[in-house]
Amino acid sequence: MLQSVATSVLNKVIGNYVEKFDKSNVNLDIWKGQAKLAKVQLKPDSLDFLGLPVAIKIGYVGLITLNVDWKHLSSKPAIVEIEDVRIVAGPKSKFEVNVDEEKAKALSAKQHTLDAWEGYKLERNEGDDSKDSSGKAGSMVEKIIDNVIVRVKRVHVRYEDDEGGQRYSLGF
């Protein structure tokens, strides 16, 4: 049960940003309350939530670690550490904006948020009715997510652009 809780927490925190999140790639040490995921590739649309005309050409995270103190789950936060982030980014398709596509994206994002909220409310209501092991795991995941700290260490971003046959780059 603790293994599924740890992988569920990792998936909820980083699942939208990493390519092919696979539970079998997670190195778990349940008794220490630690889960590690190494050498993860970022999705090209990981920066879309910023609303910038920037796309990830290639991106990797060296190590993602989840630390959970199972004994003090309700009083101590879970800590997600993200280390050695390397990103090469560039402009999105030369700033071509299609108003209809942007409206459709916005509507889709709103619908996705509503669906997620409705699913969350249904899970909570169903969890109240049934007290089986999946309900306990769900409430444990919920406690961890509500009290999570994300730390990011060693980030390098390189922005590249080809303009008029000349390559420009900036790293920080």
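## Close-up views of a predicted model

The chain holds 3 helices and 6 strands. What you are looking at is a predicted model, and the legends below go through it view by view.

**View 1. The whole chain, from one end to the other.** Starting at the N terminus, the elements come in the order α-β-β-β-β-α-α-β-β. There are 172 residues in the chain, and 25% of them count as buried. If you take the contacts with a separation of 6 or more, 64% of them come from residues 24 or more positions apart. The exposed surface comes to about 11900 Å², with carbon and sulfur atoms supplying 53% of it.

**View 2. The sheet and its two edges.** Here you see an open sheet of 6 strands, ordered β1-β2-β3-β4-β5-β6, and its pairing is mixed. Which strands sit at the edges? They are β1 (27-29) and β6 (166-171), and each of these pairs on one side only. Ignoring direction, neighbouring strands of this sheet are turned by 15° against each other on average. As a bit of background, strands of a sheet pair through backbone hydrogen bonds, in either a parallel or an antiparallel way.

**View 3. The β1 end of the sheet.** Zoom in on β1 and β2, and you find them paired in the antiparallel sense over 3 bridges. One spot to look for is L28, which stands opposite A35 in β2. The two strands make a hairpin with 4 residues between them, and G33 in this hairpin takes a positive phi near 70°. Moving one strand over, β2 and β3 also run antiparallel, this time paired over 7 bridges. To find your place along that pair, look for L37, whose bridge partner in β3 is I64.

**View 4. The β6 end of the sheet.** Now for the other edge, where β5 (residues 148-163) and β6 pair in the antiparallel sense over 6 bridges. Two residues help you follow the pairing: R158 has G171 in β6 as its bridge partner, while E160 is matched with S169 in β6. How many residues lie between β5 and β6 in their hairpin? There are 2, and G164 in the turn has a positive phi of about 60°.

**View 5. The nonpolar core.** The largest nonpolar core of the model has 24 residues. Among those with the most contacts inside it are L10, I14, L42 and V61, along with I64, L66 and I87. Helix α1 (2-14) supplies at least two residues of this core, and so does each of β2, β3 and β4 (78-91). Strand β4 gives the most to this core, with 6 residues. To get a feel for the surroundings of one core residue, pick I87 and leave aside its neighbours within four places in sequence. I87 is then in contact with L42, I56, I58 and G59, as well as H156, V157 and R158.

**View 6. S46 and its polar contacts.** S46 lies in the loop between β2 (34-41) and β3 (54-67). Is S46 buried or exposed? Its relative accessible area is 7%, so S46 counts as buried. The S46 side chain reaches two backbone oxygens: that of Y17 at 2.9 Å, and that of K43, which lies 2.8 Å from a polar atom of the side chain. With neighbours up to four places along the sequence set aside, the contacts of S46 are Y17 and I56.

**View 7. E81, a residue in β4.** E81 has its place in strand β4. Why is E81 called buried? Because its relative accessibility is 15%, and buried means under 20%. Around E81 you can pick out L63, I64, T65 and N67, plus R151 and K153, all of which E81 touches when residues up to four places away in sequence are not counted.

**View 8. N16, out in a loop.** Last stop: the loop between α1 and β1, where N16 is found. N16 counts as exposed because its relative accessibility is 59%, and exposed means over 50%. How far apart in space are N16 and L42, C-alpha to C-alpha? They are 9.2 Å apart, and 26 residues apart in sequence.

Note on methods. Residues are numbered from 1 along each chain as its sequence is written. This is a predicted model: local features need pLDDT of at least 70, side-chain atom pairs count only at pLDDT 80 or more; totals for chains, interfaces and linings use all residues. Side-chain values use heavy atoms; hydrogens and water are left out. Buried means under 20% relative accessible area, exposed over 50%, partly exposed in between (1.4 Å probe, protein chains only). A polar contact is a pair of N or O atoms within 3.5 Å; within protein, one must be able to donate a hydrogen and the other to accept it, and residues adjacent in sequence count only if both atoms are side-chain atoms. Contact means heavy atoms within 4.5 Å. Two strands pair if DSSP finds at least two bridges between them. Axes are lines fitted to C-alpha atoms, for helices over the stretch in contact, and angles run from 0 to 180 degrees between N-to-C directions. A nonpolar core is a set of buried Ala, Val, Leu, Ile, Met, Phe, Trp, Tyr and Cys residues joined through side-chain atoms within 4.5 Å. Accessible areas come from the Shrake-Rupley method with a 1.4 Å probe; for residues, only the protein chains shown count as cover.
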